[in-house]
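Biologist: Please take a close look at one part of this model, the contact between the two chains. Work outward from there.

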Amino acid sequence: MRAKNSKKAASMLVTVMLLSTVLAACGGNNGNKEGGASSSPAASANESSKPVGEKSKVSVWYLWGGAEGEALEQIIKDFNASQDKYLVEGLSVPDEQKIKVAIAGGKGPDLTDSFDFVVPQYAQQGIALPLDDLIARDGYDVSDFVPAALASGNFDGKQYALPLNVNFSVMYYNKKLLADAGFTEPPKTSAELYDVMVKTTKVNSNGTIDVLGSPSYPSEAYLFNALAYGFGSTYVNEDASALTFNNEGTLAAMNMIRDYNTKFGVDNIRQIQASGKWLDPTDPFLIGKQAIRFDGPWLSATIKSKQIDVDYGIAALPYLEGKPETAGSGITGSSIFYIAKTSKNVDGAWEFMKYLYSAEPLAKFLSLMGNVPATKSAMSSPAMKDMVDSDQVIPLTMSPNLKSIPHFAKRSDFDKALAEQLELMYNLKKTPEETMSKLEGVLSATLK
Amino acid sequence: MIKKATITGLLFSSPFLIGFALFTLYPIGASLVYSFTDFNMFKSPTWVGFDNYRWVFQEDEVWKSIRNTLYMVAFATPISLIVGLLLAQMLNIKVRGQSIYRTLFYIPSIVPAIATSLVWMWVLNPKSGLINTALDYIGIRGPNWLLDPVWTKPALIMMGAWGAGGTMIIFLAALQDVPRSLYESAEIDGAGKVRKFMNITLPTISPIILFQLIIGLITYFQYFAQAFMVASMSNSGSVQTMAGPEKSLLFYAILLYREAFVDFRMGHASAMAWVLFVITSVVTYVIFRTSNRWVTYGGD
């Protein structure tokens, strides 16, 4: 009898324990100050000697890993040492979907990063918190930001994010490959560019490509916007109320890709694209098998940090033949930081944000990443000298012809439709004319 | 009055019952409710009736994803069954080192899908990959496996066949269960190897084939991990859409994932999940109904 009773008691005990575990797992949403499950071993190790009790924790998740993640961790460490109120814990989470789902479930970070083109979506979905009240409360001076970059964090009159950098493509060229083909200077116009692309392309006896002359690596999809905007195109007007996509710049970009792909074969170009990994030691530009590359200044940082032996030069993107007034054109975008709508420590996140965007930390962080900062104070900071090729890249950011795509509600649908139709054109399944007329219809439908 | 034994029984099974209710029954019910709402996880859901189901049947991308998925179901399922059965047949032959061969062929199926994809992306590299290099030796120029819309799905089927070890091991068990006496009497009657395989082996293991067929169909209806990896790792520029070259890798589960966790349209995603459930159920039912024509259950 006793044995039976104790068995019963044991089973009850087990059941109760299991029940409480399950319930605890389900009901952990009641706001304590922990701010989610994040904890960075690095941050806690650094701070373990200090009394953590009074500091309120701020969790910062970022998409970067490797050297870039370490650069941000350095800034976090500096911030934690600079004040006694907050303890920032950084965590590398390279999967944006994961971050969004975590924010939705209230278990996400207080502060995290993304790209400016998500701002309309995140604003409408309620992922990002508007910063206007915080900016007004502290009288935070946003005039230090490059205006176009600041606008990229704005949607429907509210500031949802602050831009970190001014991202844009410059033209990298392999000096040796150009010299071998008889060019002493990089191409300045669209016609010169095509001439260089064709003459530097080296074909094997079986028709496959040995050296890719065109900037089609990593992919035409990666190239297209820079090529079209470099030729002076814009896709929509300033308030995104009308489509301006059908213009000579866009058409010239389409035709150039069509001509090159027709001449050298889509299969051969795809083979090169699939054979190496972007910014990896197998990247064709890094092994001297690509003559022209449109990419951001992080390519310089990669070449230096991986100690790659390639003799390259940097120049502005070529402009459309006969239109010298559009020289220095290009398309810009920004990486952004935003405070999660479900943040449990908005003040802490905002304090760290202000610190991160002040001149020295921002310059220190971005010079390590090989990015041009989005604030004037950081751009002129002496720390920027550490950025590889800053002397060549930063002057190019001053061009008045650099533009960005203004935000509108259905931006992600716009990008999807654009990519889908252009892909058929790259693969020579549709002509530029067919693509243009199709796109005019589908793209217009995504504007307000 | 509930019996004491019932209470004890329920208490003992409560870990499962509670887990099942919370983590299976409740999500299933919730997804059914959400499939009739507009819900993005941040704002509270609003009732939209059958709008989401209408969207499922009208959206071009859904149809594209259904076609892609059916391609995999129609080709990958039989191929992986055939490969699995052939491997099992070969590994059933008594040779020296039999257990080593069995282990070798089984290993790929315990490699995680993500690792398999990464290895295969290297194997399928059109310039330096193993397959195209081998083809090159015999004078054939291999295709751009993962960037050519015609070849992406065959490449994935190959990856699937490589991991057929799980299917193989079950077939192997079934083959060893085929009574020797049947083979012996067939041999006395003068049956050859092919005849014995077709008339003895296949009918005897047909219940196992049915089981593997249904499991295979369900797996390929939900096909996700390998395609997701390939579509998001290659340089095709389709990272955002996760659809692969010319949407050739836009499978139903990938579109469902994209609707749910990229675009946060939980209503669409839930409706898609229920439609997939219905499709899978119908196909399974049809196969069950027709199975009595080709499945033989030996009674002892």
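Modeller: Helices and strands here are DSSP runs, with at least four residues for a helix and at least two for a strand, numbered from the N terminus. On that basis chain B has 13 helices and two strands. The model is predicted.

Start with the contact. Chain A gives 43 residues and chain B gives 38. The two chains bury about 3500 Å² between them, and carbon and sulfur atoms supply 55% of that area. On the chain A side, A:Gln97, A:Gln125 and A:Lys416 lose the most area to chain B; together they make up 16% of what that side buries.

Now the polar side of the interface. There are 17 residue pairs in polar contact across it, both residues at pLDDT 80 or more. Several elements of chain A give two or more residues to the side that touches chain B: helix H1 (2-26), helix H4 (96-104), helix H5 (119-125), helix H12 (266-275) and helix H18 (411-426). By residue class, this side of chain A splits into 18 nonpolar, 15 polar and ten charged. Three salt bridges cross between chain A and chain B. One pairs the side chains of A:Lys416 and B:Asp263, at 3.1 Å from N to O.

A:Lys416 also leads to B:Arg265. Leaving aside neighbours within four places in sequence, B:Arg265 is in contact with A:Lys416, B:Phe39, B:Glu259 and B:Ala260. B:Arg265 sits in the loop between helix H12 (252-262) and helix H13 (266-291) of chain B. B:Arg265 counts as partly exposed because its relative accessibility is 31%, and that class lies between the cut-offs of 20% and 50%. For a sense of span, take B:Arg102, 163 residues from B:Arg265 along the chain: their C-alpha atoms are 46 Å apart.

Step back to chain B as a whole. Its C-alpha atoms fill a box of roughly 75 × 75 × 35 Å along the principal axes. Of its 300 residues, 45% count as buried. Among contacts in chain B between residues at least 6 apart in sequence, 67% join residues at least 24 apart.

Last, the cores. In soluble globular proteins, nonpolar side chains tend to be buried together. The largest nonpolar core has 89 residues, and the members that touch the most others are A:Tyr338, B:Val56, B:Met72, B:Leu156, B:Ile205, B:Phe251 and B:Tyr252. A second, separate core holds 60 residues, among them A:Trp64, A:Tyr86, A:Ile135 and A:Ala149.

Technical notes: Residues are numbered from 1 along each chain as its sequence is written. Chains are lettered from A and ligands numbered from 1 in the order in which they are written. This is a predicted model: local features need pLDDT of at least 70, side-chain atom pairs count only at pLDDT 80 or more; totals for chains, interfaces and linings use all residues. Side-chain values use heavy atoms; hydrogens and water are left out. Contact means heavy atoms within 4.5 Å. Buried area is the accessible area (1.4 Å probe) that two parts lose on being put together, summed over both. A salt bridge is a side-chain nitrogen of Lys or Arg within 4 Å of a carboxyl oxygen of Asp or Glu. A polar contact is a pair of N or O atoms within 3.5 Å; within protein, one must be able to donate a hydrogen and the other to accept it, and residues adjacent in sequence count only if both atoms are side-chain atoms. Ala, Val, Leu, Ile, Met, Phe, Trp, Tyr, Cys and Pro count as nonpolar, Asp, Glu, Lys and Arg as charged, and the others, Gly among them, as polar. A nonpolar core is a set of buried Ala, Val, Leu, Ile, Met, Phe, Trp, Tyr and Cys residues joined through side-chain atoms within 4.5 Å. Buried means under 20% relative accessible area, exposed over 50%, partly exposed in between (1.4 Å probe, protein chains only).
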